[in-house]
Every structure is written in structure tokens, then in C-alpha cells.
Amino acid sequence: PLADRLDLFARRKGCTASQLALAWLLAQGNDIVPIPGTKRIKYLEMNVAATAIRLAPDEAAALPPESVVGARYPEGGMRVVNR
């Protein structure tokens, strides 16, 4: 359900969910510096375009950090990462 809300929110803002995530991080303050990875120039360009997305305070608060919990990878993947 959270991913669906994020997708809907992004469509309303005219961007992708990834761009919205970067815009949200940028809205958290000057002490936050997202470092997105990419393999393609088009994705780099999309990441840069995210800097132009402005979120109102109520929009930035719509997805509080505590609403997103869980491991980054499935259990098998975490074993490989945490060697």
C-alpha cells in the first residue's frame, strides 16, 4: 500500500517514484546528501531533474520515515551483504 501511495503521489507531481524519493531526501535539510547510483545517462539525467521538484512541507510530511520499515534485501541477500 505504501508503494502504491508513493506512485500516486509521484504521478500527481509529474515525476517518477525515484525522483520523488530524491526530492523528499533533498527536502529534509542541507545536512542530507543523497548519493544515487546509476548505470545509464538517462537515469543520471532523471536524478538531476529531481532537484527541480519542490515539495511543500505538508507533502514532505506525507510519507514519514517511520512508516517505512524492513530490511533492504531478503534474508539471503542480507547474508551476502553482512559478511
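Leucine 63 is a buried residue, with a relative accessible area of 16%. Let's start there and work outwards. Keep in mind that this is a predicted model.

**Around leucine 63**

Where does leucine 63 sit along the chain? Its place is in the loop between helix H4 (57–60) and helix H5 (75–81). Why does leucine 63 count as buried? Its relative accessible area is 16%, and the word applies because that value is under 20%.

If you skip the neighbours within four places in sequence, leucine 63 is in contact with Leu2, Arg5, Leu6, Phe9 and Trp24. Take Arg5 as an example: arginine 5 and leucine 63 are 58 residues apart along the chain, yet 9.0 Å separates their C-alpha atoms.

**The whole chain**

Now zoom out. The protein chain has five helices and zero strands, so you can write its pattern along the sequence as α-α-α-α-α. Along its principal axes, the C-alpha trace spans about 40 × 30 × 25 Å. Of the 83 residues, 16% count as buried. Look at contacts with a separation of 6 or more, and you'll find that 63% of them are between residues 24 or more positions apart. The accessible surface of the chain comes to about 6,600 Å², and carbon and sulfur atoms own 58% of that.

**Two pockets**

Rolling a probe the size of a water molecule over the atoms shows where empty space is left. Leucine 63 turns up again here: along with Leu6, Ala21, Trp24 and Val68, Leu63 is one of the residues nearest the centre of the largest pocket, which has 13 lining residues. The elements giving two or more residues to that lining are helix H1 (2–13) and helix H2 (17–26). H2 supplies the largest share, four residues.

The second largest pocket is lined by Val68, Gly70, Ala71, Arg72 and Tyr73. Val68 therefore appears in the lining of both pockets. Here are the two pockets together:

| Pocket | Volume | Lining by class |
|---|---|---|
| Largest pocket | about 240 Å³ | twelve nonpolar, no polar, one charged |
| Second largest pocket | about 200 Å³ | three nonpolar, one polar, one charged |

**Asparagine 47**

Another residue to find is asparagine 47, in helix H3 (residues 41–49). Is asparagine 47 buried or exposed? Asparagine 47 is buried, with a relative accessible area of 17%. Not counting residues up to four places away in sequence, asparagine 47 touches Leu22, Pro36, Gly37 and Thr38.

**Salt bridges**

Side chains of opposite charge can pair when their charged atoms come close. How many salt bridges does a search of the whole structure find? The search finds two.

In one of them, the side chains of glutamate 59 and lysine 13 meet at 3.1 Å, N to O. This pair links distant parts of the chain, since glutamate 59 is in helix H4 and lysine 13 is in helix H1, 46 residues apart. Lysine 13 is partly exposed, with a relative accessible area of 28%.

Arginine 79 and glutamate 75 also form a salt bridge, with their side chains meeting at 3.2 Å, N to O. Because they are four residues apart in helix H5, about one helical turn separates arginine 79 from glutamate 75. Arginine 79 is exposed, with a relative accessible area of 56%. Glutamate 75 is exposed too, with a relative accessible area of 63%.

Key
Residues are numbered from 1 along each chain as its sequence is written. This is a predicted model: local features need pLDDT of at least 70, side-chain atom pairs count only at pLDDT 80 or more; totals for chains, interfaces and linings use all residues. Side-chain values use heavy atoms; hydrogens and water are left out. Buried means under 20% relative accessible area, exposed over 50%, partly exposed in between (1.4 Å probe, protein chains only). Contact means heavy atoms within 4.5 Å. On a 1 Å grid over the protein atoms alone, a cavity is a set of points where a 1.4 Å probe fits but cannot get out, and a pocket is an open set with protein on both sides within 12 Å along at least five of seven lines; lining residues have an atom within 4 Å of a point. Grid points are joined across faces, edges and corners, and a volume is the space filled by probe spheres set on the points. Ala, Val, Leu, Ile, Met, Phe, Trp, Tyr, Cys and Pro count as nonpolar, Asp, Glu, Lys and Arg as charged, and the others, Gly among them, as polar. Accessible areas come from the Shrake-Rupley method with a 1.4 Å probe; for residues, only the protein chains shown count as cover. A salt bridge is a side-chain nitrogen of Lys or Arg within 4 Å of a carboxyl oxygen of Asp or Glu.
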